[in-house]
Amino acid sequence: MFEGLHDIDWASMEHAYGPAHEVPELLLALRSTDREERHKALSRFYSAVHHQGAVVPCTTASLPFLFELAGDPTAPERAAIVELLVSIGRVAVEECEEEYADLVDFAGAAVVVRERAETFVAFAADADHHVRRAAIPGLGLFLDDADRAGAVLRDRLSAEAGLVERLLIVEAMGTLGLRLLASADEVMAWFAGLAADSTLDPGIRLAAVVQQARCAPEQVGEDVVPTAIGLLRQMAHGAAAYPALRNSPGQATSGGSAAGVPPQVVAAFEDLDRQGRVHAPTTELLRTFHEALATRVPQRTALLTEQLVSPDPGSRLDAIRMSQELMTSWRGDHTWLITLVARQLRTSEHEVAAEAAAVIDACHPIAESARELLAAYVAAYGPDMWTAPQQQLRRAYQNAVRALARLSDVRAVPSLLAALECGVDDWRAVEVAGALKEASQELVPRLCDHVRRIDMLSSGWR
């Protein structure tokens, strides 16, 4: 395996951090029997060789070896390699028509993945459903024969049993219709047939409706969102078919940070990680729908209203984040939407409540309608909950206190005072204390004590 790997002058090429001489070692490590070694190599490959989606000459030179590894049935974690191939190939085919400096090689990589397009057909029919899931997007991206690609995707939909895989197949057909315009009419007709077929899973019918909107947003009529909402309700009745969210059982720490890193920075990276998670199989589909609806704020609000009453907490969690995207991107009367988000505080799912409070905090200039729901949540637990040992509950409570403080509501003061007294996550209280000018006599002495206790060097300040 990997014949000719060391015949390539890798040192003459560069990746994001300098000469690419380490690429052979990374490729070999991807075959390792040691899981940690594989994961480190894959992470390094993404960060250096495919940095932020970049495709450079050493990325292209790696492709034949990645294909060889993905095609080896004895190789561990083939799905991760197929996913990497699709990621590289997607950027390459989307950018290969543009002119760039010699530092990138979109055109070269696009040639490689297109020449091996039939390999993705084989991967999409693999016995391992993880490999199939990773490969399916490639069917819409790399096959240049529209008839062949359409036939493969239709056959895969008939053969595939998994909901996630079937949703990906419908999405890949949409990608095909957008990429190869000659196939657009046939693709749209196929979507129309799927959407109208009452014998199909409502999730597949919803995917067809969404992909129609994605491919022809200018043709979205008044009946499209109500149709989608009806299908979401059908899906809710069959909720057992869709995975539910399980809260993370992690325990809270004492409010410190790792290896001298300021806690604000640690929290920022944790937030980024949360934003990257998806908790329901239809989340990406609905994100696509919102993108297609774009400036249609009332229609998007109606759709989010339905999403926020889903019986699946994972679906609601993702809907809360989509609500923030709408409210922070487009003007309009968002009173109803912010109220619906605030009602998520009533849930027993602490991760959902935490995200709802965080969104209200972020949208505080328009969050007046959430005031009483926030105050009721804060009062129900009391200031001691600022240091709750259960991580998600603690985060939910702190976010609610912060959101209430942003509204200049003095009912947040006892919790902020408790935070400044105990020193646990006190920086989160400091950030919002300035919004409570009416409580300055109580807060200012505590804030001064807090400043006197700060060790500038150990806190990462210079």
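This report describes a predicted model, taking in turn its confidence, its largest pocket, a set of salt bridges and one helix with its surroundings.

**Confidence**

Across the chain the pLDDT averages 91, and 93% of the residues score at least 70. Among the elements of the chain, the highest mean pLDDT, 98, belongs to helix α6 (residues 117-123), while the lowest, 78, belongs to helix α13 (residues 263-275). Over residues 244-256 the pLDDT stays under 50, and for this stretch the model has 29 contacts beyond four places in sequence.

**The largest pocket**

The largest pocket has a volume of about 1,100 Å³, and its lining is made up of 31 residues, of which R90, P137, L168, E171 and E284 lie nearest the centre of the pocket. The elements that give two or more residues to this lining are α4 (78-95), α7, α9, α11 (202-215) and α14 (283-293). Helix α9 provides the largest share of the lining, with 8 residues. By residue class, the lining of the largest pocket divides into 16 nonpolar, 6 polar and 9 charged residues.

**Salt bridges**

A search of the whole structure finds 26 salt bridges, and the table sets out three of them by their N to O distances and by the relative accessibility of each partner.

| Salt bridge | N to O distance | Acidic partner | Basic partner |
|---|---|---|---|
| E165 and R133 | 2.9 Å | E165, 3% | R133, 31% |
| E431 and R402 | 3.0 Å | E431, 41% | R402, 6% |
| D409 and R411 | 2.8 Å | D409, 6% | R411, 38% |

The side chains of E165 and R133 meet in a salt bridge, and this pair links distant parts of the chain, since E165 is in helix α9 (residues 163-179) and R133 is in helix α7 (residues 129-142), 32 residues apart. Helices α7 and α9 are also among the elements that give two or more residues to the lining of the largest pocket. Within the pair, E165 counts as buried because its relative accessibility is 3%, under the 20% cut-off, whereas R133, at 31%, counts as partly exposed.

A salt bridge also joins the side chains of E431 and R402. E431 lies in helix α22 (residues 426-433) and R402 in helix α20 (residues 391-406), so this pair ties together parts that are 29 residues apart in sequence. Here R402 is buried, with a relative accessible area of 6%, while E431 is partly exposed at 41%.

The side chains of D409 and R411 meet in a salt bridge as well, with D409 counted as buried at 6% relative accessibility and R411 as partly exposed at 38%. Salt bridges that share partners join D409 and R411 with E368, R371 and E372 into one network.

**Helix α21 and its surroundings**

Helix α21 spans residues 413-422, and its buried residues are V413, S415, L416, L417, A419 and L420. These buried residues pack against α19 (371-381), α20, α22 and α23 (440-453). Two of the helices in that list, α20 and α22, are those that hold R402 and E431, respectively. After α21 comes G423, whose phi is positive, near 80°.

Conventions:
Residues are numbered from 1 along each chain as its sequence is written. Side-chain values use heavy atoms; hydrogens and water are left out. A salt bridge is a side-chain nitrogen of Lys or Arg within 4 Å of a carboxyl oxygen of Asp or Glu. Helices (H or I, at least four residues) and strands (E, at least two) are DSSP runs, numbered from the N terminus. Buried means under 20% relative accessible area, exposed over 50%, partly exposed in between (1.4 Å probe, protein chains only). On a 1 Å grid over the protein atoms alone, a cavity is a set of points where a 1.4 Å probe fits but cannot get out, and a pocket is an open set with protein on both sides within 12 Å along at least five of seven lines; lining residues have an atom within 4 Å of a point. Grid points are joined across faces, edges and corners, and a volume is the space filled by probe spheres set on the points. Ala, Val, Leu, Ile, Met, Phe, Trp, Tyr, Cys and Pro count as nonpolar, Asp, Glu, Lys and Arg as charged, and the others, Gly among them, as polar. pLDDT is the predictor's confidence in each residue, from 0 to 100. Contact means heavy atoms within 4.5 Å.
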